[in-house]
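Trainee: I am new to this structure, and I would like a close look at a single part of it rather than a quick tour. Please go slowly, and tell me how that part sits among its surroundings.

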Amino acid sequence: MAELSKDELLEIYECMQLIRTFEDRVSGLFAEGKLPGFVHLYAGEEAIAVGVCSHLTDDDFITSTHRGHGHCIAKGVEINPMMAELYGKETGSCKGKGGSMHIADVDKGMMGANGIVGGGGPLACGSGLTAKVKGTDQVTICFFGDGASEQGTMHEAMNLAKIWKLPVVFVCENNGFAESTPVGYHCSAKDISDRATAYNMPGFTVDGTDFFAVHEAAGEAIARARQGEGPSLVECKGFRYYGHFEGDAKAYYTEEMVADFKKRDPIGKFRQGVLDRNLVSEAELDKIDAQAKQTIEDAVKFAEESAYPALEECLTDVYVAYA
Amino acid sequence: MSKINVIQAIRDALNEEMAADERVIILGEDVGRIGGVFRATDGLWQKYGDNRVIDMPIAEAAIVGAAIGAALNGLRPVAEIQFADYIHPAFDQIVNEAAKIRYRSAGGFHCPIVVRAPAGGGIHGALYHSQSVEAYFCHAPGLKVVAPSNPYDAKGLLKAAIRNPDPVIYFEFKATYRTVEDDVPEDDYVVPLGVAAVKRQGRDLTLLTYGMMVHESLQAAEMLDKENVDVEVIDLRTLLPLDRETILTSVRKTSKALIVHEANKTGGLGAELAAIISEEAFEYLDGPITRVTGPDVPAMPFAPTLEAAFMPSSAKIADAARKLAAY
């Protein structure tokens with residue numbers, strides 16, 4: 001924590017709080033019936049997206065998942081178009097064509113949330129290959145869940161990244177459940193990072209609710225990738241507050257688990273950590289909380305006041321040129 | 001008889017077949033403890049246990065591959081792909097293994113699996129929760145493909161599919177799950193594969209469709225009835241093999257064919273239907289074979305306005321039928 005400046009710490013807190021506020025608000029909007037479609041919320045996993053993406057610039061790339069709002073915000077995607085995208089409005093990041101599960105932003109190196117579990121692994125390798133061929137120092141992060149770790153695509157991707165020594169970091173967000181199925185059942189390994197041994201790459205498991213642990217492990221992996229030393233696998237163990245999707249009855253959560261989540265809250269932990277060390281003041285953090293609320297309310301207003309896309313938009317963006 | 005919806009019909013068919021035949025097992029993501037994301041297998045794990053209702057990792061190739069291997073060794077697996085949009089990792093297993101094993105073993109092995117997959121739009125699922133992928137599988141001889149539109153057929157076709165000795169891909173149009181109800185007999189029955197149903201008799205044109213679009217088509221036919229256009233609506237029910245006799249008998253009677261499906265137009269099932277009609281009933285035709293389909297765009301867009309623009313509707317179908325009838 002020592003190497004982070006006060007401004008950086010405040011930025012990190014702001015980013016995590018923006019994600020949390022966004023997700024809590026989206027949960028409410030979904031319950032009110034204001035959002036068409038399904039949403040998968042990231043609340044509880046903020047330390048992972050922010051711990052990783054705080055090492056990246058707009059020139060670096062990430063691939064994301066169906067639970068992608070946190071990755072988008074941490075990678076710098078603007079909040080207003082994100083919220084508008086969830087409403088399916090023409091001012092959305094993808095002009096309303098994608099929705100929650102498919103937010104992408106070329107300018108920010110956000111290669112897309114992805115409705116297909118395990119869809120991002122090979123894409124991350126392709127992005128890493130480009131950096132290698134072009135000789136840039138761009139890094140690609142592949143976020144994937146514990147569920148995706150059982151898809152063949154993820155195994156193919158990790159093998160490929162290693163044989164080609166690609167600047168890719170595989171960040172496994174192990175929130176304990178593949179939809180409703182517990183990791184202890186669906187995964188053969190004790191830790192998912194153990195599989196790194198099979199690909200002959202460095203593998204680590206860190207506490208995904210501890211920003212500083214994620215930040216440190218990701219920082220080392222990203223530095224190796226940038227220096228041409230190839231891929232790593234970082235497993236971040238955490239939890240999600242919400243169900244797999246909004247509307248999920250969460251029958252697989254016990255009361256004890258939920259009570260434990262609250263004790264492990266990544267934002268609470270970060271807040272307490274920086275306050276205990278007198279690195280920032282409570283007033284500064286409270287101000288950020290209030291600003292985050294305002295930012296999200298503004299985004300909701302922006303989205304609600306935006307128009308739906310014109311019907312002709314159904315037929316556009318299919319080809320660059322039709323011949 | 002009892003009034004049930006499509007999802008209940010599917011659950012009843014699974015339950016009855018499992019009770020009747022201990023070789024029947026279910027594999028899929030979240031199918032066990034929570035009973036599937038659409039509740040199609042609700043209560044079956046509690047009743048039949050771990051060995052027969054099997055929660056799977058998120059790994060579709062493994063779900064279908066394991067089903068195929070189990071079928072080759074004497075079980076009757078029903079694999080659930082949570083959304084048809086997720087079927088593609090299993091495409092190789094379905095098309096290269098399941099469809100071909102009987103042929104390449106010269107009849108030595110057969111592969112009695114059912115792959116259930118919820119398909120279609122209309123529930124704001126956007127790109128990866130709305131696809132209609134049936135045409136890919138209709139291009140693979142060795143498979144059978146069914147797509148029920150209502151609870152009676154859903155139950156009867158699923159029972160027939162489970163008892164069938166060949167691999168059956170069973171597409172459930174999820175927009176019908178809780179919107180379509182029927183009186184369904186409590187006694188055992190099957191709806192045979194390969195047999196279409198004439199849902200409405202008519203003189204002026206033949207409307208060929210399946211799945212959710214049966215309901216939009218029937219609505220369109222009612223609208224046109226008031227304009228003295230008499231539409232015959234055929235629910236194909238089985239897409240591979242097609243019931244050529246019912247299709248051709250109808251087209252020879254009406255001389256006009258309108259084809260409706262949600263999937264996009266190019267290379268869709270409508271193209272095959274049009275080709276069959278041209279080849280077999282050309283001299284009976286008195287108008288262009290016409291298709292009302294989803295547009296040729298890569299997937300269902302998310303915005304509600306765009307989803308509505310994508311989906312064929314009773315109004316769009318009625319417009320096309322009106323034009324064709326007047327031709």
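Mentor: Let us begin with a term that will come back throughout: a residue is called buried when its relative accessible area is under 20%, exposed when that area is over 50%, and partly exposed in between. Please also keep in mind that what you are looking at is a predicted model. As a case to try the term on, take Ala126(B), whose relative accessibility is 3% and which therefore counts as buried.

The part I would choose is strand β10 of chain B, which runs over residues 205–209 and is mostly covered, five of its five residues being buried. The cover is found on both faces of the strand: on one side Leu205(B), Leu207(B) and Thr209(B) are buried, and on the other side so are Thr206(B) and Leu208(B). One of its partners is strand β11 of chain B, residues 231–235, with which β10(B) pairs in the parallel sense over five bridges. Within that pairing, Thr206(B) stands opposite Glu232(B) of β11(B). To get from β10(B) to β11(B), the chain passes through helix α8 of chain B, residues 213–225, and the β-α-β crossover made in this way is right-handed. Another partner is strand β13 of chain B, residues 257–264, which also pairs with β10(B) in the parallel sense, here over three bridges. Thr206(B) can serve as your landmark once more, as it stands opposite Ala257(B) in β13(B).

From the strand we can step to its surroundings by way of Leu236(B), which touches two residues of the strand, Leu208(B) and Thr209(B). Leaving aside residues up to four places away in sequence, its other contacts are Val195(B), Ala196(B), Tyr210(B), Leu242(B), Ile247(B), Leu269(B) and Leu273(B). Leu236(B) also belongs to the largest nonpolar core, a set of 89 residues, where it is listed with Ile10(B), Ile94(B), Ile113(B), Phe137(B) and Phe171(B) among those with the most contacts inside the core. The largest share of this core, seven residues, is supplied by helix α1 of chain B, residues 6–20. Domain 1 (2–184) and domain 2 (197–325) of chain B both contribute residues, so the core lies between them. There is a second, separate core of 75 residues, and Leu4(A), Phe22(A), Ala43(A) and Leu285(A) are among its members.

The backbone of chain B also has some details worth finding. The peptide bond that leads from Leu240(B) into Pro241(B) is cis, with omega near 0°, and Pro241(B) is placed in the loop between β12 (238–240) and α9 (244–254) of chain B. In another loop, between β5 and α6 (134–138) of chain B, you will find His124(B), which has a positive phi of about 60° although it is not a glycine. Ala126(B), our first example, is in the loop between β5 and α6 too, and its phi is likewise positive, near 60°, in a residue other than glycine. As to cover, Ala126(B) is buried at 3% relative accessibility, whereas His124(B) is partly exposed, with a relative accessible area of 30%.

Charged side chains complete the picture. Side chains of opposite charge can pair when their charged atoms come close. In chain B, the side chains of Glu172(B) and Arg116(B) meet in a salt bridge, at 2.4 Å from N to O. This pair links distant parts of the chain, 56 residues apart, with Glu172(B) in strand β7 (residues 168–173) and Arg116(B) in strand β5 (residues 114–119). Glu172(B) has a relative accessible area of 1% and is therefore buried, and Arg116(B), at 1% relative accessibility, counts as buried as well. Elsewhere in chain B, Glu16(B), Glu17(B), Lys155(B), Lys159(B), Arg163(B) and Asp188(B) are linked in a network of salt bridges.

For a contrast, turn to chain A, where Glu284(A) and Lys6(A) form a salt bridge at 2.7 Å, N to O. Here too the pair joins distant parts of the chain, since Glu284(A) lies in helix α12 (residues 282–305) and Lys6(A) in helix α1 (residues 6–31), 278 residues apart. Glu284(A) is partly exposed, with a relative accessible area of 25%, and Lys6(A) is partly exposed at 40%. Over all chains, the count comes to 45 salt bridges.

Notes:
Residues are numbered from 1 along each chain as its sequence is written. Chains are lettered from A and ligands numbered from 1 in the order in which they are written. This is a predicted model: local features need pLDDT of at least 70, side-chain atom pairs count only at pLDDT 80 or more; totals for chains, interfaces and linings use all residues. Side-chain values use heavy atoms; hydrogens and water are left out. Buried means under 20% relative accessible area, exposed over 50%, partly exposed in between (1.4 Å probe, protein chains only). Helices (H or I, at least four residues) and strands (E, at least two) are DSSP runs, numbered from the N terminus. Two strands pair if DSSP finds at least two bridges between them. A crossover is right-handed if, with the strands pointing away from the viewer, the path from the first strand over the helix to the second runs clockwise. A salt bridge is a side-chain nitrogen of Lys or Arg within 4 Å of a carboxyl oxygen of Asp or Glu. A nonpolar core is a set of buried Ala, Val, Leu, Ile, Met, Phe, Trp, Tyr and Cys residues joined through side-chain atoms within 4.5 Å. Domain bounds come from an automatic or database domain assignment. Contact means heavy atoms within 4.5 Å.
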